[in-house]
Amino acid sequence: MPDGRLKWRGRVRAVLGDHIDTDVIYPGRYLNITDREKTAEHLFELVYPEIRASIQPGDVIVAARNFGCGSSREQAAAALKVAGVGAVLAASFGRIFFRNAINLGLPALIAPEAFAACRVGDELEIDLSAGVVRNCTTNQSIPAAALDPRALDLLAAGGLIPYLRRKYAA
Amino acid sequence: MGMTLAEKILARASGRDRVTPDEVVVARVDLAMSHENADLVRKSFLEIGLNQVWDPTRIAIIFDHRVPAESEKTATTHKAVREFVAAQGIPNFYDVGRGGICHQVLPENGHVRPGMLVVGTDSHTTTHGAFGAFSTGIGATEMAGVWTEGALWFKVPSTIRIEVKGSFHQWITAKDLILYIIGMLGAAGADYRAVEFDGPAIRAMSIASRMVLTNLAMEMGAKVAFTPVDEVLLDYLRPLTPQKIHRIAPDPDAHYERTIHIDVARDLPEPQIACPHSVDNVRPLSALGEVPIDQAVLGSCTNGRLEDLEVAARVVAGRVVCDRARLLVIPASQRVYLEALRLGYLETLVAAGAIINPPGCGPCVGLHQGILAARETCVSSTNRNFLGRMGSKDSRVYLASPAVVAASAIAGRLAHPASIVHEEEPCLTEG
Ligand code: SF4
């Protein structure tokens, strides 16, 4: 998803289970990489290194419960975003990951049925303002919790940094 | 209807009379903590384009994850943060050799008091709930927002109350209790929620032991966790701060999402172990059979305090670490280190064959100072055993209490301290 776009189509790139922790998303050994653009190289490196290579811009990662649990490392959300992931759909999220994702402009949607309703390769249509996710491949709609207006503002701005830059420094 | 601790603190910090769960409030931050990732915060802050942070006196920065610098990359990061600290005039900066692990250093220096709203760029910032603070982890970019505005939005969490009574059996500690609770509730069992620990067994605990509970509450997803603000806490805090200390307690008619009752005498007959590769994969020690270990780690923001080193010294005294195993000991802070040195605990541990790492996170997050090879097994007093957390993705980490870690180092396999130390000795904590 290009920065700030609230509606787009993307393919499901991975369907993952419960408790995908931040060490799995982005291993601790690369925490001293503080250049956001370089984080994507290590996305899912320990367990699912094949996912990264196949990501097309706007693709969607689907997971079951508690995606992004564990550490506060922002690189986990940054790596997904920089790799081109358009959104993460999960039944629930680790709370710090959820906030990091929105702050970095990566939509994180609470969608309890996504895990059951998506297969790798399915095409999804996502409309963040309307709070609608549709699986175009199966022609099924996937219920997703509406994002807080504050979160939508941040996503529309492309994340917290551009949002605050506009507010304070422009 | 009354309010829980989390609701009271968020109401105060957002200038409201009352708040209720699921409301979103914007609250003023009293203290903003970062460790080495202050460099990430700094970068995001500079991207926003401001020159001056909102309030340098409310920012604390502590180096702990990579001390001393293990690489040129880290050394460069440390240097950039030092320069930023000097330029911004941030008074509460704890450099290499001045502090230790952030979650130990903040309270030790009287920075955290009851009723405060604390955020930190570290997930185990929940630890400071042992001091009556609403204290939670956030990411680096969000912290750059705090450095800019001094405020943050929060969804008011609902609260789970955990009432604990009974006396601990010998060798059973706060670590066993919280692992047992996480095993029961699961890794997402307290997601987005506040947790209040209370009851006679909690009130009888030392502050160090209470910190184990609030630290590990994060591993069941808690946003914040509290232990009571009582005389034990006030006695601990008074010598550390000239500031007025507010007593704070939940209202008697506060609403809880659920209340859980635990009797440690009944429910915790033996040590609890979190098995690879998740913190909620908890089993009693006797259910595990023979588990040989290569490395034993005693340290971290969970269990690297004086009482932890003391019990380990008591277990290993006059014995030696098994040939097949290594024992790594990491005091949580310079202050803990010095006390343990004076009291002779470190001498006992070194004589037994332990190696003492400098105060800091050590190998907890797999960066340095004791990384595991493929097919190695570690027993650790830390708080995470995720796949690859301490090194190779083919290594295994079992989480346990300091007493079990020390006993296992001597035995070369997971071991009950009672199988190593045979004399009758007093309980660690009584409740
Ligand atoms: S000791 Fe481990 S868990 Fe605690 S702050 Fe350091 S790396 Fe994190």
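Guide: Domain bounds, as used here, come from an automatic or database domain assignment. In this predicted model, the assignment for chain B gives domain 1 (5-262) and domain 2 (274-421).

Visitor: How many residues does each domain of chain B give to the contact?

Guide: The C-alpha centres of domain 1 and domain 2 of chain B are 25 Å apart. To the contact, domain 1 of chain B gives 37 residues and domain 2 of chain B gives 40 residues. Together the two domains of chain B bury about 3000 Å², with 60% of it on carbon and sulfur atoms. On the side of domain 1, B:Ile101, B:Trp171 and B:Lys175 lose the most area to domain 2 of chain B, together 25% of what that side buries.

Visitor: What is the count of salt bridges between domain 1 and domain 2 of chain B?

Guide: The count between these two domains is 1 salt bridge. As for particular side chains, those of B:Arg384 and B:Glu219 meet in a salt bridge, at 2.9 Å from N to O.

Visitor: How should one read the cavities?

Guide: Rolling a probe the size of a water molecule over the atoms shows where empty space is left. Here, the structure holds 4 cavities of 30 Å³ or more, and the largest has a volume of about 460 Å³. Among its 37 lining residues, A:Leu31, B:His35, B:Asn37, B:His65 and B:Asp122 are the closest to its centre. The lining of the largest cavity comprises 11 nonpolar, 17 polar and 9 charged residues.

Visitor: Where does the largest cavity lie with respect to domain 1 and domain 2 of chain B?

Guide: The largest cavity lies between them, because domain 1 (5-262) and domain 2 (274-421) of chain B both give residues to its lining.

Conventions: Residues are numbered from 1 along each chain as its sequence is written. Chains are lettered from A and ligands numbered from 1 in the order in which they are written. This is a predicted model: local features need pLDDT of at least 70, side-chain atom pairs count only at pLDDT 80 or more; totals for chains, interfaces and linings use all residues. Side-chain values use heavy atoms; hydrogens and water are left out. On a 1 Å grid over the protein atoms alone, a cavity is a set of points where a 1.4 Å probe fits but cannot get out, and a pocket is an open set with protein on both sides within 12 Å along at least five of seven lines; lining residues have an atom within 4 Å of a point. Grid points are joined across faces, edges and corners, and a volume is the space filled by probe spheres set on the points. Ala, Val, Leu, Ile, Met, Phe, Trp, Tyr, Cys and Pro count as nonpolar, Asp, Glu, Lys and Arg as charged, and the others, Gly among them, as polar. Contact means heavy atoms within 4.5 Å. Buried area is the accessible area (1.4 Å probe) that two parts lose on being put together, summed over both. A salt bridge is a side-chain nitrogen of Lys or Arg within 4 Å of a carboxyl oxygen of Asp or Glu.
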